Amino acid sequence: MDQLVQHLVNTLVLGGTYALLGIGLTLIFGIMNVVNFTHGALYTFGAYAMYLAAVALGLNFFAALPVALVAGLALGALIEWTLLRPLRRADIDTTMLVMIGAGIALQSGALWLFGGVAKAIPAPFPDEPLQIGPASVSWLRIFVFAAALALIAVTNLLINATKLGRAMRATFQDHDTAALMGVNVSMIYTATFAIGSSLAAAAGALLGPVYVVFPQMGDLAAVKAFAIVILGGLGSITGATIGGFVLALAEEVGAGYISSGYRDAMGFLIIMAVLVVKPTGLFARAERIG
Amino acid sequence: MTRFIAPALLAGLALLPLWLQDPYLLNMLITTGIFTIGAMSLNLLLGYTGQLSLGHIAFVGIGAYVSALTSLGFDVGLPFGVRITHEGWPPAVGFVLAVAISGLCGYLLGLLSFRVRGAYFVIVTISFAEVVRLVALNWVELTQGPLALTSIPFMTLGLPGLGEATLRSKTQNYYLVLAVAALSYLLIARLVGSRFGRAMRGLKENEPLALSVGVNATRTLTIAATISAAMAGAAGSLYAHYIRIIDPDIFSFSYTVTMVIMVVAGGKGTLAGPLVGGLIFGVLPVALRPVMAPEAQWIVYGLTLIAILFVMPRGIVPALEALRLPRRTKAPAPAPAPAMQAEAQP
């Protein structure tokens, strides 16, 4: 029982960052119809941006986090502007392959610049963990959970309560009609990709201090983000949020009660189960499945 | 002209070991050949049905492990007290089993993921490769985990009237790989030209239209995935008995990317494309090795993939064909408008 409580606490902490990853990916897929294979690289990028800001530049930990977010926003906008904008009329396979190329270049760039040795980001929290009943959780993880929830809330607000969000939703429904109504669709695409990238970078910047930062950290993160998005339904933000927590739960319980070696296989099992039971995902609107 | 590329290449490659004796270069050609077989099998899916398998190395790796384990033998305990003990069988049997089991995996994945269109097959294959890597890493009793399977026997072939031949030298392995590559090429060429091949291309270009003339989409795609995976399994078996040591690193994503780059650069949906792409990207790492660190090479590969998609989105072979055509006849019509396709899909 005590063990289960600990697993549930871990699930909440991990699920928050997974949800961030999933929301970024599903936003880009839903609005732009682009399978973003740079998502893992952007996650890694966020972690390295955090490392550079907090360790190399010596910024305050809490000031370094927004730096990583903005860096992710900028890199996302740059990728969209240089690679995706010229390919607006290209099919989904071409953009997917271009994104794979960009992802490889980014990941190898990180390996080239920083080397393969993992880096640690020190966090200004007390070492003593917080005791919640039988479970204990470090202050850093509590901060990560709170920050992830705050970012999820801000993203939801952005999409549901701002003019930009309304334009994004309109583009999602029908980009031609949105364009006719005066929405600058091209700008919406850039904004969407930048926001999605920023969320991936935020997930990396938050998990970087929890674990360590290394060039290949994005590979698994990307596979997990895909699992979350399939579970929630391609294009659904609510689905991605819930999917993030479900995947975290499956991993925690799987690692705790089945085998820790197969922890990262849980995402695949979820994908398989979803494809067998409800191929369009739990929260998808049918028309988004192309 | 392109129809002569493959036979000319085959003749040239068959004569090559007569003057090329350098073991380093020969080794490069053998691994290039194995990867080219993988690229050809990937092309069958990506080029002719439009479905991208991003876990293609999983089928190669499964082929390698199946073939190695069949010839080495194993002794594993399963749940419920079941114990399987297997004495080593000849490597040729391993090759056949590698093809069969990889094909079966391709069939099952296709069956699951072709229930829906879009990015599903890509994502399912990519995470399948990750799971297979985890199994190879964690099922130590069967696969030795990170300690790797070692001393895998050389391939032996039973030739009628000549008895058993063990392929020890690089030259012998070179000819074996060349033979399997040629057979794979012929098989794909026959398949593509057949009624089944037209069904595949019909699905790629306009699925509703293909359905309306009676093409069974799921069945066609699943069969294509099965054949593709089986062929990749054959490449894996060749790899295992040539390198003679395999570990879970064989499942790394960079190998899949290598094959994808080979296909896309050479020209997806063309017979000669994977051969041209395979040769270029098989030789390039060796040529670049003195000049560049491996990670810098990978940056170049990523950028090359992007550049090719921007400059000649259909690949080198179709670009060459278009150059050769007389001015007044236009190059073959480009693929149908993707926007239309996306909207038309159910």
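Is the crossing of α4(B) and α10(B) right-handed or left-handed? Keep that question for the fourth stop. The model on screen is predicted.

**Stop 1: chain A as a whole**

Select chain A and show it as a cartoon. Chain A holds eleven helices and two strands. Following the sequence, the order of elements is α-α-α-α-β-β-α-α-α-α-α-α-α. The radius of gyration of chain A is 19 Å, close to the 19 Å that the globule rule gives for 290 residues, so chain A is as compact as a globular protein of that length. Turn the chain to view its principal axes: the C-alpha trace spans about 60 × 45 × 35 Å along them. Of the 290 residues in chain A, 53% count as buried. Next, consider contacts in chain A between residues at least 6 apart in sequence: 76% of these join residues at least 24 apart.

**Stop 2: a loop residue and a core residue**

Select A:Leu59. This residue sits in the loop between α2 (39-56) and α3 (61-84) of chain A. Is A:Leu59 buried or partly exposed? A:Leu59 has 16 other C-beta atoms within 10 Å. A buried residue needs 20 or more, and an exposed one has 12 or fewer, so A:Leu59 counts as partly exposed. Now show its contacts. Setting aside neighbours within four places in sequence, A:Leu59 is in contact with A:Ala53, A:Ala54, A:Ala64 and A:Val67. Then add A:Gly182, which is 123 residues from A:Leu59 along the chain; the C-alpha atoms of the two are separated by 42 Å.

Move on to A:Ala68. The largest nonpolar core has 191 residues, and A:Ala68 is among those with the most contacts inside it, along with A:Met50 and A:Ala201. Not counting residues up to four places away in sequence, A:Ala68 touches A:Gly46, A:Ala49, A:Met50, A:Ala53, A:Ala201, A:Ala202 and A:Ala205. In soluble globular proteins, nonpolar side chains tend to be buried together.

**Stop 3: where the chains meet**

Show both chains and colour them separately. How many residues does the contact take from each chain? The contact takes 37 residues from chain A and 37 residues from chain B. On the side of chain A that touches chain B, the elements giving two or more residues are α4 (92-114), α9 (217-232) and α11 (266-277). Select α4(A) in particular, since this helix gives the most to that side, with 14 residues. Colour the chain A side by residue class to find 25 nonpolar, eight polar and four charged residues.

**Stop 4: chain B and a helix pair**

Hide chain A. Chain B has 15 helices and four strands. For 346 residues, a compact globule would have a radius of gyration near 20 Å, and the 21 Å of chain B agrees with this. The C-alpha trace of chain B spans about 65 × 55 × 45 Å along its principal axes. Of its 346 residues, 44% count as buried. Among contacts in chain B with a separation of 6 or more, 77% are between residues 24 or more positions apart.

Finish by selecting residues 91-113 and 217-243 of chain B, which are helices α4 and α10. Their axes come within 7 Å and cross at roughly 145 degrees. The opening question can now be settled: the crossing of α4(B) and α10(B) is right-handed. By class, the contact of these two helices has 15 nonpolar, twelve polar and no charged residues.

Key:
Residues are numbered from 1 along each chain as its sequence is written. Chains are lettered from A and ligands numbered from 1 in the order in which they are written. This is a predicted model: local features need pLDDT of at least 70, side-chain atom pairs count only at pLDDT 80 or more; totals for chains, interfaces and linings use all residues. Axes are lines fitted to C-alpha atoms, for helices over the stretch in contact, and angles run from 0 to 180 degrees between N-to-C directions. A crossing is left-handed if the near helix is turned anticlockwise from the far one by less than a right angle, and right-handed if clockwise. Ala, Val, Leu, Ile, Met, Phe, Trp, Tyr, Cys and Pro count as nonpolar, Asp, Glu, Lys and Arg as charged, and the others, Gly among them, as polar. The radius of gyration is taken over C-alpha atoms; the globule rule is 2.2 Å times the number of residues to the power 0.38. Two residues are in contact if their C-beta atoms, placed from the backbone, lie within 7 Å. A nonpolar core is a set of buried Ala, Val, Leu, Ile, Met, Phe, Trp, Tyr and Cys residues joined through C-beta atoms within 7 Å.
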